[in-house]
Amino acid sequence: MENLPNETQKRRYRRHLENLPGFTEDSQRALRRARVLVVGLGGLGSPVTLYLAAAGVGTLGLADADTVEVSNLQRQILHRTDDIGVEKVHSARAALNALNPEVELRTHPEGLTVQNAKKLFAAYDMVADCTDNFAARFLANDAAVLGGVPLVHAGVSHYETQLMLIDSARGTPCLRCVCPEVPPMPTQTPGVLGPVAGIAGALQATMIIRALCGIGHSMAGRLVHFDALEMRARNLRVQRNCDCPVCGTSPTITALCPERYLKK
């Protein structure tokens with residue numbers, strides 16, 4: 001497959017390879033070589049995995065410990081009504097294999113834990129944080145920083161989403177540069193307009209593909225915010241905090257400890 005794209009693949013990826021400025025056959029080869037871990041297969045993880053598989057990312061890791069529930073189907077487009085009660089990793093695997101059987105799919109039904117995070121991240125070139133709670137997001141952030149693995153964070157709530165590329169090896173800020181401690185859990189689960197999760201996931205997949213192919217300007221030190229009610233997108237500069245507890249000059253977080261990520 002290193003001679004990719006062959007004639008069959010040229011037809012599949014034709015809209016990448018013809019008249020797309022900056023995207024070349026080498027870009028498609030880079031996607032084929034890439035290994036991306038998607039943590040969370042819900043509202044964000046659904047469009048992320050679908051677009052990455054469709055784009056030809058060679059290996060996708062699917063990490064989620066949940067099963068499909070009927071309330072998921074309003075926004076989690078990876079799953080179907082017949083999948084209710086099925087583990088999300090298995091539902092996702094079936095959908096993605098049907099979309100692009102050339103993609104290698106690795107399932108991690110235990111999801112992301114303190115015990116497996118660093119080893120799991122080390123097996124991939126990039127991680128998509130598609131989790132749905134603060135504890136998991138900060139665990140993903142810390143594991144990525146400590147392991148030196150690039151991570152694209154996204155979060156969605158109500159009508160808004162935010163995205164951020166975290167690459168400690170290149171000196172970017174991380175989540176703890178913005179918020180040093182894990183915020184408390186909200187008293188009520190926030191609602192989400194379904195298409196907003198789709199917008200967020202599509203943007204997250206775009207950021208990953210850009211990074212893997214080396215196209216577009218760097219997103220280092222940038223936070224993208226989109227408000228669907230105002231239909232307004234903002235690109236905000238974020239500074240690295242030298243006092244950050246995980247990526248600062250004198251970090252106090254040097255290992256993943258379970259009590260640090262307890263849901264408050």
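Two strands count as paired if DSSP finds at least two bridges between them, and helices (H or I, at least four residues) and strands (E, at least two) are DSSP runs, numbered from the N terminus. Hello everyone, and with those terms in hand, let's walk through this structure.

A word on where it comes from. This is a predicted model, so local features need pLDDT of at least 70 and side-chain atom pairs count only at pLDDT 80 or more, while totals for chains, interfaces and linings use all residues. Residues are numbered from 1 along each chain as its sequence is written, and side-chain values use heavy atoms, with hydrogens and water left out.

Let's start with the sheet. It is an open sheet of eight strands, in the order β3-β2-β1-β4-β5-β6-β7-β8, and the pairing is mixed. At the edges you find β3 (104–108) and β8, each with a single partner strand, so one side of each has no neighbour in the sheet. From one strand to the next, the twist averages 15°; angles here run from 0 to 180 degrees between N-to-C directions, with axes being lines fitted to C-alpha atoms, for helices over the stretch in contact. As a reminder, strands of a sheet pair through backbone hydrogen bonds, either parallel or antiparallel.

Now look at the β3 end. Strand β2 (residues 59–63) pairs with β3 in the parallel sense, over five bridges. One spot to click on is G61, whose bridge partner in β3 is R106.

Helix α4 (residues 45–55) packs on the sheet, where it touches β1 (35–39), β2 and β4 (126–129), and its direction makes about 165° with that of β1. Contact here means heavy atoms within 4.5 Å. How many of the residues of α4 are buried? Eight of its eleven, so this helix is mostly covered. Buried means under 20% relative accessible area, exposed over 50%, and partly exposed in between (1.4 Å probe, protein chains only). Among the buried ones are P47, V48 and L52. Just after the helix, G56 takes a positive phi of about 100°.

Let's move along to β5 and β6. Strand β5 (residues 151–157) pairs with β6 in the antiparallel sense, over seven bridges, and V152 stands opposite L165 in β6. The two strands form a hairpin with two residues between them. In that turn, H158 has a positive phi of about 60° although it is not a glycine, and H158 is partly exposed at 44% relative accessible area.

Strand β6 (residues 160–166) is itself mostly covered, with five of its seven residues buried. On its other pairing, five bridges join β6 to strand β7 (residues 222–227), and the two run antiparallel. There, Q162 stands opposite H225 in β7.

H158 has company in its backbone angle. N19 also has a positive phi of about 60° although it is not a glycine. You'll find N19 in the loop between α2 (14–17) and α3 (25–33), and N19 counts as exposed, at 79% relative accessibility.

Next, the charged pairs. Side chains of opposite charge can pair when their charged atoms come close. A salt bridge is a side-chain nitrogen of Lys or Arg within 4 Å of a carboxyl oxygen of Asp or Glu, and a search of the whole structure finds nine of them.

One is between E7 and K10, at 3.7 Å, N to O. These two are three residues apart in helix α1 (residues 7–12), so about one helical turn separates them. E7 counts as exposed at 53% relative accessibility, while K10 counts as partly exposed at 31%.

Another joins D125 and R35, whose closest N and O atoms are 2.8 Å apart. Which parts of the chain does this pair link? Distant ones: D125 lies in the loop between α6 (117–122) and β4, R35 in strand β1, 90 residues apart.

A third example is D167 with R170, the closest N and O atoms being 3.6 Å apart. D167 is buried, with a relative accessible area of 9%, whereas R170 is exposed, at 72%. Salt bridges that share partners also join E7, K10, E25, D26 and R29 into one network.

That's the tour, so please turn the model around and find these places for yourselves. Thanks for listening!
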